[in-house]
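Here is a walk through one protein model, written for someone who would rather look at the fold than at a spreadsheet. Keep the viewer open while you read.

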Amino acid sequence: MPVFLGVARHLRSLHPVPTLSSTTIDHTPGPDVRDFPSEIADTWRRLSVIDIGSNSVRLVVFEGLVRAPLPIFNERVLCGIGRDLAKTNLLHEGGVELALSTIERFVTISGEICAGLPDAVATAAVREAHNGADFVRRIRERCGLEVRVLSGTEEARLSALGAMSAIPDADGVMGDLGGGSLELVVLNAGEIGESVTLPLGALRLMGLSPQKQIEAIDHAIEGVPWLKDLKHRTIYAVGGAWRSLARIHMAQRDYPLRIVHQYQLSRSETNTLVGVISGLSPDSMSRIEGVNKRRLESLPGAAAVLSRLLRRVRPGKVMFLAGGLREGLLQENLPNHIRDEDPLISQCRAFAIRESRFGDVGDELARWMAPLFKGESELHGRLRLASCLVSDVAWRAHPSYRAAQAFEEVFRAPVVGVDHEGRAFMAISIYARYKGTADEPVTALASTLIDSSDAERAKLVGVCLRLGLTLSGGAAGLLSRTRLGRDDETVTLRMRREDAHLYIELIERRLASVARCLGLVPKFAYLDV
């Protein structure tokens, strides 16, 4: 069991830690983590965010202030405080009461799980409503929580940071559709460009006829001249309503991986989807499965916004993202050297340190097998390293189920910085690491997401891992005393003479598996030959 899990009960008895933002009220400081081992101190500083949106209120508790932390708690309540905003300029009374009780509960939960007082932010509905300031006051008095009301510019910037936390080199335009507003931000290969906030929230559009929705949307986006300069680039779609559209599309096509993050559609596929949703009657909408019933009524408006945005931008593709404002709040607090880390590799490395039997030996494995992958692309090298870092993922599982469990954990892991094709590559690699093959029913669904050459490459990574981990026993340093290489005819494992006793029949068989993947002959030799 990871050592940091052993202090959970102890931490609950201590004071909560300071919060992300200096805008929250003073709180008793937490324990001095210098008293704990470094592997605990680096991971136990849990951080929580409450996002008070026009449609929903959400609490996310992150595992720590690291490059791509896992959310250890994530709950949303659809309060709809912005439901009446377009008509009355006031927050919905029933929604406000539900939001207050929800926030009070969230504050209690955050404290009980050692995340301290949350960093709370509010967006379009609260900043625009005549009674928004009163709502903020009631939160402060009832919950002891200061709420930062974001400007449209701040909201757009934070949403862009959240998108780039998952895709550092994002290039196109990020659209974050909430209940009360639409934030559009240009992303130039990971740099934030022009931005705008438009009054096109999904709740605002609900009371309008389809024609009136189109008129309102076109009037707003036609006032953004730089949108027409983004042709053939990517629209990064953020927001719960747009994610619901992606889930509907996945269900329609029986997609093998039901993870919305980095799900991609071509412009024509997206046009077909939003065209169907926009034209559904309320009765037809009610029969859609897999989407929260309270979310369904806002989907036609959300589809209309995306449809008109496609018409204006004419992107090459649409990519749906899970990250946004809340992840952006975390990113703005990261030191630059941590923010610059690769999110996938950072998460995989953290896993290796915390969960593997022998710590982080992934880099050593990746270097050791590298001579067999000369000329590989940067992407393939990155996926190979990530696979090496998580290669001990299933050591706790029963041996009879290890390969299948490892495949499932990697294929559906809550990681960012990797698209669905990359997930398939890694999952096939790890299956082969445990099983020695990847041509089995378990991997069939993942194989549909990548081409056959990438599937073969993934299998090669896996059998190299199988050889390397068997040879070294997973211990750091031993592989560095050996060399793996290839030429036009052979795959050769070279070892020192004093280590010859490590070359047993099992190693011989696994070296042969590597050679078979390459269509070459296995060979053993001494390093001094």
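Start with H380: leaving out neighbours within four places in sequence, this histidine is in contact with F425, D454 and R457. The model is a predicted one, so keep that in mind throughout. H380 is found in helix α19, which covers residues 378-389. Is H380 buried or exposed? At 15% relative accessibility, H380 counts as buried.

Helix α19 turns up again when you look at helix α17, since α19 is among the elements that cover the buried residues of α17. The cover also includes α7 (152-166) and α21 (420-435). The buried residues of α17 are P343, L344, I345, S346, Q347, C348, F351, A352 and R354.

Helix α24 can be read in a similar way. Its buried residues are I507, R510, L511, A512, V514 and A515. What covers them includes a helix, α23 (452-472), along with the strands β12 (482-486), β13 (490-495) and β14 (521-526). Just after α24, G519 takes a positive phi of about 70°.

Here are the two helices side by side.

| Helix | Residues | Length | First to last C-alpha | Expected span |
|---|---|---|---|---|
| α17 | 343-355 | 13 residues | 18 Å | 18 Å |
| α24 | 505-518 | 14 residues | 20 Å | 20 Å |

So how do those spans compare with what is expected at 1.5 Å a residue? For α17 the reach is close to the expected value, and for α24 it is close as well.

Now for the sheet. Six strands form an open sheet in the order β8-β7-β6-β9-β11-β10, and the pairing is mixed. Which strands stand at the edges? They are β8 (191-198) and β10 (263-266); each has a single partner strand, so one side of each is left without a neighbour in the sheet. On average, neighbouring strands of this sheet are turned by 20° against each other, direction ignored.

Strand β6 is a good place to see the mixed pairing. With β9 (residues 234-238), β6 (residues 172-177) pairs in the parallel sense over five bridges. With β7, the strand β6 runs antiparallel, and six bridges join the two. G172 shows up in both pairings: T234 is its bridge partner in β9, and L187 stands opposite G172 in β7. The strands β6 and β7 form a hairpin with four residues between them.

Strand β7 (residues 182-188) has six of its seven residues buried, so β7 is largely enclosed by the rest of the structure. β7 and β8 are also antiparallel and are joined by six bridges. In that pairing, V185 has S195 as its bridge partner in β8.

The hairpin of β7 and β8 has two residues between the strands, and A189 is where phi turns positive, near 50°. That is a positive value in a residue other than glycine. A189 counts as exposed, at 53% relative accessibility. D254 makes a nice companion: its phi is positive too, about 55°, although D254 is not a glycine. You will find D254 in the loop between α10 (240-253) and β10. With a relative accessible area of 60%, D254 is exposed.

What about the cysteines? The disulfide count comes to zero. Why does C114 have no bond? The closest cysteine sulfur, in C143, is 20 Å from the sulfur of C114, which is too far for a bond. C114 is buried, with a relative accessible area of 8%. For C517, the closest cysteine sulfur is in C464, at 7.7 Å, again too far for a bond, because a disulfide needs the sulfur atoms within 2.5 Å. C517 is partly exposed, with a relative accessible area of 26%.

Finally, zoom out. The domain assignment gives domain 1 (40-149), domain 2 (152-328) and domain 3 (342-526). Taken over C-alpha atoms, the centres of domain 1 and domain 3 are 43 Å apart. How many residues does each of these two domains put into the contact? Domain 1 gives six residues, and domain 3 gives six residues.

Note on methods. Residues are numbered from 1 along each chain as its sequence is written. This is a predicted model: local features need pLDDT of at least 70, side-chain atom pairs count only at pLDDT 80 or more; totals for chains, interfaces and linings use all residues. Side-chain values use heavy atoms; hydrogens and water are left out. The expected span of a helix is 1.5 Å times one less than its number of residues. Buried means under 20% relative accessible area, exposed over 50%, partly exposed in between (1.4 Å probe, protein chains only). Contact means heavy atoms within 4.5 Å. Two strands pair if DSSP finds at least two bridges between them. Axes are lines fitted to C-alpha atoms, for helices over the stretch in contact, and angles run from 0 to 180 degrees between N-to-C directions. Domain bounds come from an automatic or database domain assignment.
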